Each structure stands twice: as C-alpha cells, then as structure tokens.
Amino acid sequence: MITVAQSRGRAAPGATSALLGGGQFLFGAAVSPLVGLFGTQSPAPMAAVMTSCLALGTLAAIAAKRAHAS
C-alpha cells in the first residue's frame with residue numbers, strides 16, 4: 001500500500017511520506033485502545049485486532065491495485 005501511495009505522490013514525495021507516516025501513527029493510536037477494551041489477561045485480543053487490521057490492509061491494497069489498473 002505504501003509503494004502504491006508513494007508512486008502516486010511522485011510530485012511531492014516528502015509530503016506523501018509525511019502523510020503516510022502520520023496516518024500510520026494516527027491509525028495506531030486509534031486502534032490501540034481496542035485491545036484494552038477486550039481484556040488484558042490474554043494475548044487473544046491483540047491477535048484479533050492485528051488480524052482485523054491485516055485484513056483491512058489487504059482489502060485496501062486490492063482496491064488500490066484495481067483502481068490503479070483501470
């Protein structure tokens with residue numbers, strides 16, 4: 001996903017990189033409380049949140065690839 005975004009933002013690579021990095025920090029800060037909501041006694045909540053984020057990232061990459069191809 002980052003590679004696709006960087007290739008689309010060739011005109012302003014610094015701004016593109018800053019937006020991607022800031023987005024990653026923002027998304028991480030928004031998602032991290034979810035792990036605590038599901039409990040702290042087991043690693044299962046963290047695994048579930050990580051799996052969900054991986055699935056969302058995969059769907060976003062597929063959507064970006066389709067949009068880039070057309």
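Let me begin with helices α2 and α3, whose crossing is right-handed, a term used when the near helix is turned clockwise from the far one by less than a right angle. Please keep in mind that this is a predicted model, in which local features need pLDDT of at least 70 and side-chain atom pairs count only at pLDDT 80 or more, while totals for chains, interfaces and linings use all residues. Residues are numbered from 1 along each chain as its sequence is written, and side-chain values use heavy atoms, with hydrogens and water left out.

The helices, which are DSSP runs of H or I with at least four residues, numbered from the N terminus, pack at an angle of about 145°, with their axes 9 Å apart; the axes are lines fitted to C-alpha atoms over the stretch in contact, and angles run from 0 to 180 degrees between N-to-C directions. On the α2 side, Phe27, Val31, Leu34 and Val35 meet Pro45, Met46, Val49 and Cys53 of α3, where contact means heavy atoms within 4.5 Å.

Now, is Phe27, which sits in helix α2 (residues 13–37), buried or exposed? Phe27 is partly exposed, because its relative accessible area is 44%, and that class lies between buried, under 20%, and exposed, over 50%, with a 1.4 Å probe and protein chains only. Gly28, also found in helix α2, counts as partly exposed at 35% relative accessibility. From Gly28 to Ala64 there are 36 residues in sequence and 21 Å in space, C-alpha to C-alpha.

Definitions and conventions
Helices (H or I, at least four residues) and strands (E, at least two) are DSSP runs, numbered from the N terminus.
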